[in-house]
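Got the viewer open? Let's click through this one together, stop by stop.

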Amino acid sequence: MILNEKASELELIGAGRSAFAFRIQSTDKVLKVFFSPFEHIAKEEAAIYKALQRNPFYPYLYDHGDNYLVIDYIAGNTLFDCLTKGIAIRADHIKQIDEALSLARERGLNPSDIHLRNIIVTPEDTIKLIDVARFRQVKKCSQWDDLKAAYKMFYRHRMFPKKTPEKILNAIAALYKKNLLPSFH
């Protein structure tokens with residue numbers, strides 16, 4: 001989707017398959033606007049954020065409508081950013097992610113689509129997860145288990161490069177999506 005125009009108070013901070021995300025200037029809030037064929041995702045994601053309210057690992061939902069959400073702006077680096085910038089991903093980050101997913105499961109959700117761009121390490125060194133629209137999928141998603149296994153098998157080793165070019169990470173993600181990589185868990 002191409003963004004043709006926007007209000008001056010909005011700063012584009014993300015663009016995905018189904019929505020644009022804008023930081024509302026002078027606030028700590030994000031407006032996520034869903035594209036025309038994906039409005040149903042706005043309703044689904046709002047319901048999931050409501051189920052996750054008061055959970056420290058997820059943004060707070062302030063408002064929602066037919067095609068939008070207003071949630072907390074989360075400052076920090078995604079795990080993808082950490083890998084491209086050489087910022088350490090520590091074992092306690094992995095533990096926090098496991099705890100966040102466990103808390104979501106306790107609320108009857110089935111976390112899915114957990115990937116490097118949906119996990120943020122905040123300036124306070126805590127973990128936040130965003131983009132929860134697929135947390136009600138019925139099928140089991142092994143994406144986080146695979147990432148965690150790769151972290152344990154490769155990343156933690158002294159010889160593994162802690163700074164990885166974006167092109168290599170995108171190539172690995174493409175191969176993973178096509179099921180061309182072995183599962184390590």
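Start by selecting helix H4, residues 143-155, and colour its buried residues: Gln143, Trp144, Asp146, Lys148, Ala149, Tyr151 and Tyr155. Keep in mind as you go that this is a predicted model. Now show what surrounds them: the cover over the buried residues of H4 includes helix H2 (79-85), H3, E7 and helix H5 (166-177).

Stay on H4 and zoom in on glutamine 143, which belongs to that helix. Is glutamine 143 buried or exposed? Its relative accessibility is 18%, so it counts as buried, the cut-off being under 20%. Turn on the side chains of Asp113, Ile114, His115 and Tyr176: glutamine 143 is in contact with these once you set aside neighbours within four places in sequence. Then put a distance label from glutamine 143 to serine 183; C-alpha to C-alpha you should read 9.5 Å, although 40 residues separate them in sequence.

Next, hop to isoleucine 168, which sits in helix H5. Isoleucine 168 has a relative accessible area of 44%, so call it partly exposed. Draw another C-alpha to C-alpha label, this time to threonine 84: 9.6 Å in space, against 84 residues in sequence.

**The three-stranded sheet**

Select E6, E7 and E8. These three strands make an open sheet in just that order, with antiparallel pairing. The edges are strand E6 (77-78) and strand E8 (127-129), each of which pairs on one side only. Add helix H3 (residues 91-106) to the view: H3 packs on this sheet, touches E7 and E8, and points at about 40 degrees to the direction of E8. For a closer look at the pairing, take E6 with strand E7 (residues 119-121), which are joined antiparallel by two bridges. Click threonine 78 and you'll find isoleucine 120 of E7 opposite.

**The five-stranded sheet**

Now hide that and bring up the other sheet. How are its strands ordered? Reading across, this open sheet of five strands goes E1-E2-E3-E5-E4, paired antiparallel. Strand E1 (10-15) and E4 have a single partner strand each, so both stand at the edges with one side lacking a neighbour in the sheet. Look along the sheet for its turn: neighbouring strands are rotated by 25 degrees against each other on average, ignoring direction.

Begin at the E1 edge. E1 and strand E2 (residues 19-24) run antiparallel and are joined by five bridges; select alanine 15 and its bridge partner in E2 is phenylalanine 20.

Then swing over to the E4 edge. Strand E4 (residues 61-64) and strand E5 (residues 68-72) are antiparallel, with three bridges, and they form a hairpin with three residues between them. Leucine 61 is the one to click here, facing isoleucine 71 in E5. Before leaving, show helix H1 (residues 39-51): H1 lies across strand E3 (29-34), E4 and E5, at about 35 degrees to E5.

**Rings**

Time to show the aromatic side chains. How many aromatic pairs does the whole structure hold? A search finds six. In one of them, tyrosine 60 and tyrosine 62 have ring centres 4.8 Å apart and planes at 65 degrees, so that pair is edge-to-face; planes over 60 degrees apart count that way. Tyrosine 60 is partly exposed, with 29% relative accessible area, and tyrosine 62 is partly exposed too, with 39%. Then select Phe20, Phe22 and Phe35, which ring pairs link into a cluster.

Two arginines deserve a click as well. Arginine 23 lies over the face of tyrosine 73, 3.9 Å from the ring centre. Arginine 117 lies over the face of phenylalanine 80, at 3.7 Å from the ring centre.

**Zoom out**

Finally, show the whole chain as a cartoon. You'll see five helices and eight strands, running β-β-β-α-β-β-β-α-α-β-β-α-α from the N terminus. The C-alpha trace spans about 45 × 35 × 35 Å along its principal axes. The radius of gyration is 17 Å, which agrees with the value near 16 Å for a compact globule of 185 residues. Colour by burial and 38% of those 185 residues come up buried. As for contacts with a separation of 6 or more, 60% are between residues 24 or more positions apart.

How values were computed: Residues numbered from 1 in each chain as written. Predicted model: local features only at pLDDT ≥ 70, side-chain atom pairs only at ≥ 80, totals over all residues. Heavy atoms only, no water. Pairing = 2+ DSSP bridges. Helix = DSSP H or I, 4+ residues; strand = E, 2+ residues; numbered from the N terminus. Contact = heavy atoms within 4.5 Å. Axes fitted to C-alpha atoms, helices over the stretch in contact; angles between N-to-C directions. Phe/Tyr/Trp six-rings, centres within 6.5 Å; stacked < 30°, edge-to-face > 60°. Buried < 20%, exposed > 50% of the residue type's maximum accessible area, 1.4 Å probe, protein only. Lys NZ or Arg CZ within 6 Å of the ring centre and 35° of its normal. Rg over C-alpha atoms; globule rule 2.2 N^0.38 Å.
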